[in-house]
Amino acid sequence: ASQGATVRDAIEQREADWKGHCACDYAQHIMVEGALPVDQPPQLAEAIQAGFPTVKIFTTDITPSRKGRMVDFGDIWEVFQVLAANRGLGVIHSEDNDIVMHMYGKLIREGRTEFENMAEVHNTLSEDISFRRVIRLAEKVKGTALYMMHTSAASGVSAIREARARGVPIYGESLHQYMLYTQEDYKTPRGQIYHTYPSLKSAEDQAALWSGALDGTINCVATDEICCTLAKKLQGSRIDDTTGGNAGVEPRVALMYTEMVGNRGYTLSRFVDLVSSNAAKIMGLYPRKGAIAAGSDADLCVLDPDDRRVIRAEDLHEADYTPWEGRKMAAWPCLTVLRGKVVVENGVWRGSLTDGKWQHRKVAAEILAGPML
């Protein structure tokens, strides 16, 4: 919302950026930042009713140089009341700012500023405290539903699982970075390429994410997409200047198929839920998206299990590097269809940047009523 004088201004600016410039269908979160103007809650209510039902909130500034991103707890309380009254969904990047900023200061004072120490800064205690604080607030504002983004630690998984057991309408998301890499990968050459915020965690935390993906605590495996160059990704080497995000959209489905179905024995339906259907259901796109059914959009990605290629940066299109370099796949997309139109076939682009259309969203009542998935 900081991109315009009002929430509506910000939405219109973003739509001007995207309309006619996107190869696939798209939707937008509204993100609120910093101290919220007193007239913003009614604007959020209007936007939710207009088809923008998800509001993204950061509970931390992430790094010392990004002051103004965090929303304080009182303003989060106000936003939750708007969400509950208008059938919206809170989309939360949840870390405890006091702990995170304390650890930046502590490690800088101790001279341990190398990015390999990132997991000490964006730590499991921070995730534990922040998740539980946000969940507690949501429980006190009856009707508030949450989507916890970028769950990276066992403590976050536990907080979500316990809240779901109490009937809280809360959904967990992790990223394929967290599922496939740990903080030990920071120590490898060019270890920055694996980083996103919050940090990678331990092998034990990673195991908890996989456990959560099986028992329904983690509902989606998503991306944190930053299509920057390798030079930009490597330009920072400190805990306070390393670039977050990965070039990860293009190989995500094949990576998750390989790991879930190929290596861990997941059913095809569970794999599809985690990479596609659940997100559509939670975000208010289902069954228009996320389903193969009469009346649904014919959006299809066909995987070829005979294409067991090794991922190479030179074969991809997002950036000049990939954190997934050298990984052998158990399948690879051979056909991508958007609303019945073939847009990619055997690696050949057949689409257009005018193909994508904005998607009106309304979160289903059952998603808001309790932990449905």
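**A four-stranded sheet and its surroundings**

Four strands (a strand being a DSSP run of E with at least two residues, numbered from the N terminus) form an open antiparallel sheet in the order S7-S8-S9-S10. This is a predicted model, in which local features need pLDDT of at least 70, side-chain atom pairs count only at pLDDT 80 or more, and totals for chains, interfaces and linings use all residues. Residues are numbered from 1 along each chain as its sequence is written, and side-chain values use heavy atoms, leaving out hydrogens and water.

User: Which strands stand at the edges of the sheet?
Analyst: Two strands pair if DSSP finds at least two bridges between them. Each edge strand has a single partner strand, so one side of each is left without a neighbour in the sheet. The strands in this position are S7 and S10 (348–349).

User: Which residue in S8 does Val-302 stand opposite?
Analyst: S7 and S8 pair in the antiparallel sense over five bridges. Opposite Val-302, in S8, stands Leu-335.

User: How many disulfides does the structure hold?
Analyst: A disulfide is a pair of cysteine sulfur atoms within 2.5 Å. The sulfur of Cys-228 is too far for a bond, because the closest cysteine sulfur, in Cys-227, is 8.1 Å away. Cys-301 is in no disulfide either, with the nearest cysteine sulfur, that of Cys-334, 8.0 Å away. The number of disulfides is therefore zero.

User: Is Cys-228 buried or exposed?
Analyst: Buried means under 20% relative accessible area, exposed over 50%, and partly exposed in between, with a 1.4 Å probe and protein chains only. Since the relative accessible area of Cys-228 is 7%, this residue counts as buried.
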